[in-house]
Amino acid sequence: MDPPLSPSTFSNSLKRESWRYTLLLSFQSIGIVYGRLSTAPLYVFGTLFTKGDRPSHAFKSEETVYELFSFIFWTLTVVSLLKYVLIVLKADDDGEGGPFALYSLLCRHAKVGLLPNDKSVNEVTSYDVGSPFRIKVESRARRAIQKHKSSHYLMLFLALFGSCMMIGDGVLTPAISVLSASQGLQRSLSDMAPIFSSSPDKQEELSDQFKKYVPVPFACAILVCLFTLQHYGTHKIGFIFAPVVILWLFFIGGVGFYNILVWNPHIFCAISPTYVYRFVKNIDKDSWSSLGSILLCVAGSESMFADVGHFSKKSIEMTFVSLIYPILILCYAGQAAFISKHLNASDNFNHLSTSMPRSIRHIFVVLSLIASAVGSQATITASFSIINQCLAFGCFPRVKVIHTSDKKHGQVYIPDLNWLLMILSLTVTIAFHQVVRIGSAAGLAIVSGMLVTTCLMSLVIALYWERSLFISACFLIFFGFIEVMYLSACMLNFHKGAWFLVVLSAVTLTIMLSWHYGTKKKYEFDLENKVSTEWLTDLSPGLGVSRLSGIGFIYTDIVTGIPAFFSHFITNLPAFHQVLIFVSFKSLPVPYVPSSRRYLVGRVGVKDYKIYRCIVRYGYCDRVRDTDDFEDQIIKSIGEFISVEENDSESLTSAEGRMIVIGKPLPDGNALIPLHESYSNDEHTNNNESQTSPLADSFERDSAPAKCKKVRFALPANSPKMLVSVRKELQELIDARESGTAYFLGQSHLAVRNGSNFLKRLLVMIYVFLDKNCREPPVALNIPHAALVEVGMVYTI
């Protein structure tokens, strides 16, 4: 028998395991997060002072190259290292990043949220006693922001706008990365033209053919392969891509070191900020517009923060500081050293492939093709994270979200978004077919997203970190000035391709705003037209309402009262099940809600009615709705509520009475014991036919027998402390479950009142179109079609 571990030994074991896990995440992050930053050297110098496909003569002297390298060095240092790694990553929301993570912090700690809500929701879904998510003490800045409603709308707009920029970057990055590498392949094949023919005319014809037919088709093929791999998830893709990026990094780092030694060892003198000053002092229109290309060297920095939920803060910081940053500086320095000694020597003297020694140029072409595909992964993964957060905040139409990891809840894959990004990336590649044009749009997306992060981060510093307004203002002015400078440079290239990003972002933002507006108006309609609980419990017997055997789940957004669609159903068909459970999903502005605090359960009316309300609280990264055992979890939580109702000390007050937090282990064991068994649907229906009414039976009957699993419940064999009344109510719950289950959903149809303005009509029209064509609520809630009852309602707003 092994000796027991001492506390110190156990602590050391946990530390070793923690470091081992961090190193594992660091390895995976290289293939996911840093592919974009690592492949940026393919097009940073290559798009500087470029008109069409060829560089202009703006590379006037060696001094110009020094100034450009100095700008690249300080941009990479100030933006990527100082801003993101050392500051912004510290503002993660319980391990989640991106614009909506910052917005979530502000919603939670400054009460600026515009999500559909009411006072009753605040009472039962607030950060209750014992929860780690508490609202901080009021401050002058917090009170000022809470007072002005316009600031709330501004923050939501910033979060949505930043998300649109990230999605736009997810479209443009794969296109520019893969196309730049494909053009490297084309140049390599053109250099091999003498092998195919000795005639100069034939060689020139071959070069033209390679230029016409190689870059775009190869880029499209690689893009299709890249997006096809996404369903494997972050964990597997990280293991596949990480070795490629590591090999690429050491390759370009080694070549950069070689070029420094061979061509210009004094290139590191350009690190001096005096060269930045000289560049700004002698600025002209061409030099100013070139800042849009320099900005591409920090492409992928925003993804470091957006992708933090897929890995960990420590792994991302450690990898960037120890590996990515020094190698990138070495690569850019080596390329600048080569360019400084080969000014205007050829049409492609400023491309990374030209700075490669001829003996390894073909190796570089192959590596760059693979690395460019990998480099697109950061923004694709970030887009999945952003949309997942938007869904929880009610700002994006319903789409299927697949959680690809049980350990890291932030690792998600969204099939619909994946294929949409692929189509748009292919469209950009084919339509623009020039790296310079795509780079103009990508630069605008990068700097716009960074500017949004700077604005939200300055508010987080003041309202969440509770630093002085002076420190918050210094952060905003310092980084905001740098990013506004780059933004103005990108706007000079608006006509070259940046207009595409504006169009794409306008469409995406309109979709988000329309969905948020429609969701909010529907919720307000439900609040205004809900029926009191007394109508169901006291007046319904006078209406001749009969009770059917079985359980009825009523899904509703409101947390008090009876939803209008259900009262409409009872009025027209006066019957409902012997056990009713009103289920409401409430998203909290946090990434995760612990399972021990997820369910709030209470009664509607007295015990004899057997009507319960269950509020499911979840964070924007929780996987709750579409799990296969969700119904079982609800019934189990109702059973726990019945057991602890009389003696529970931790409860919340709502308009209908006491709500109890369910999820913690019971001192006397589980109230209901789950029994797993397999059955076919037709057998189950036949066995319960004598207990189920025709109406309830129609809810359960399926068209064809199918083998599936069902969890049945039983009472504990020995429970002497359980009261007779409690045991009786639990047995009635079990019997109702055995009799069958029905699900009630409101099928809403939005209509605009006569005389409404054009903007309102447009938003509602877009919402209705999206609602009809996105994922249906029964599918999103994983509800069996045979047990579904949808009640139609027209919402006039």
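**Strand β8**

I started with strand β8, residues 611–618, in this predicted model. I counted 8 of its 8 residues as buried, so the strand is largely enclosed by the rest of the structure. I then looked at the two faces separately. Ile-611, Arg-613, Ile-615 and Arg-617 lie on one side, Tyr-612, Cys-614, Val-616 and Tyr-618 on the other, and all of them are buried. I noted that both faces of β8 are therefore covered, the cut-off for buried being under 20% relative accessible area.

**Partners of β8**

Which strands are joined to β8 by bridges? I found β6, residues 575–587, which runs parallel to β8 and is joined to it by 8 bridges. I also found β7, residues 599–603, which runs antiparallel to β8, with 5 bridges between the two.

I looked up individual pairs next. On the β6 side, Ile-581 stands opposite Tyr-612 of β8. On the β7 side, Tyr-599 has Val-616 as its bridge partner in β8, and Val-601 stands opposite Cys-614.

**Strand β7 and the loop after it**

I checked the cover of β7 as well. This strand is mostly covered, with 5 of its 5 residues buried. Tyr-599, Val-601 and Arg-603 point one way from β7, Leu-600 and Gly-602 point the other way, and every one of these is buried.

I then went to the loop between β7 and β8, where Lys-610 is found. Lys-610 has a positive phi of about 55 degrees, although it is not a glycine. I wrote this down because most residues other than glycine have a negative phi. Is Lys-610 buried or exposed? At 17% relative accessibility, Lys-610 counts as buried.

**His-433**

I looked at a second residue with a positive phi. His-433 is not a glycine either, and its phi is about 45 degrees. His-433 sits in the loop between α19 (415–432) and α20. With a relative accessible area of 39%, His-433 is partly exposed.

**Helix α20**

From that loop I moved on to α20, residues 435–463. I checked its length against expectation. At 1.5 Å a residue, the 29 residues of α20 should span 42 Å, and the end C-alpha atoms are 41 Å apart, which agrees. I also checked its cover: 26 of the 29 residues of α20 are buried, so the helix is largely enclosed by the rest of the structure.

**α20 against α22**

How do α20 and α22 pack? I read an angle of about 50 degrees between α20 and α22 (residues 498–529), with the axes 6 Å apart. The two helices are therefore oblique to each other. I listed the residues that make the contact: Ser-440, Ala-441, Leu-444 and Ala-445 from α20, and Ala-498, Leu-501 and Val-502 from α22. By class, these residues are 6 nonpolar and 1 polar, with no charged residue. The spacing of the α20 residues led me to recall a general point: an α-helix has 3.6 residues a turn, so residues three or four places apart point the same way.

**Leu-476**

I took one residue from helix α21 (residues 469–492), namely Leu-476. Leu-476 has a relative accessible area of 36% and is partly exposed. What does Leu-476 touch, leaving out residues up to four places away in sequence? I found Thr-454, Cys-455, Ser-458 and Phe-481. The C-alpha atoms of Leu-476 and Thr-454 are separated by 6.1 Å, with their positions 22 residues apart along the chain.

**Ser-372**

I also looked up Ser-372, in helix α17 (residues 361–375). Ser-372 has 0% relative accessibility and so counts as buried. Its contacts, not counting residues up to four places away in sequence, are Thr-39, Leu-42, Ser-177, Val-178 and Ala-181. For Ser-177 I checked the C-alpha atoms: they are 5.0 Å apart from those of Ser-372, although the two residues are 195 apart along the chain.

**Whole chain**

I finished with the totals. The chain comes to 30 helices and 14 strands. Of its 797 residues, 59% count as buried. Among contacts between residues at least 6 apart in sequence, 84% join residues at least 24 apart.

Notes: Residues numbered from 1 in each chain as written. Predicted model: local features only at pLDDT ≥ 70, side-chain atom pairs only at ≥ 80, totals over all residues. Heavy atoms only, no water. Axes fitted to C-alpha atoms, helices over the stretch in contact; angles between N-to-C directions. Helix = DSSP H or I, 4+ residues; strand = E, 2+ residues; numbered from the N terminus. Parallel < 35°, antiparallel > 145°, perpendicular 65-115°, else oblique. Contact = heavy atoms within 4.5 Å. Nonpolar A, V, L, I, M, F, W, Y, C, P; charged D, E, K, R; others polar. Expected span 1.5 Å × (residues − 1). Buried < 20%, exposed > 50% of the residue type's maximum accessible area, 1.4 Å probe, protein only. Pairing = 2+ DSSP bridges.
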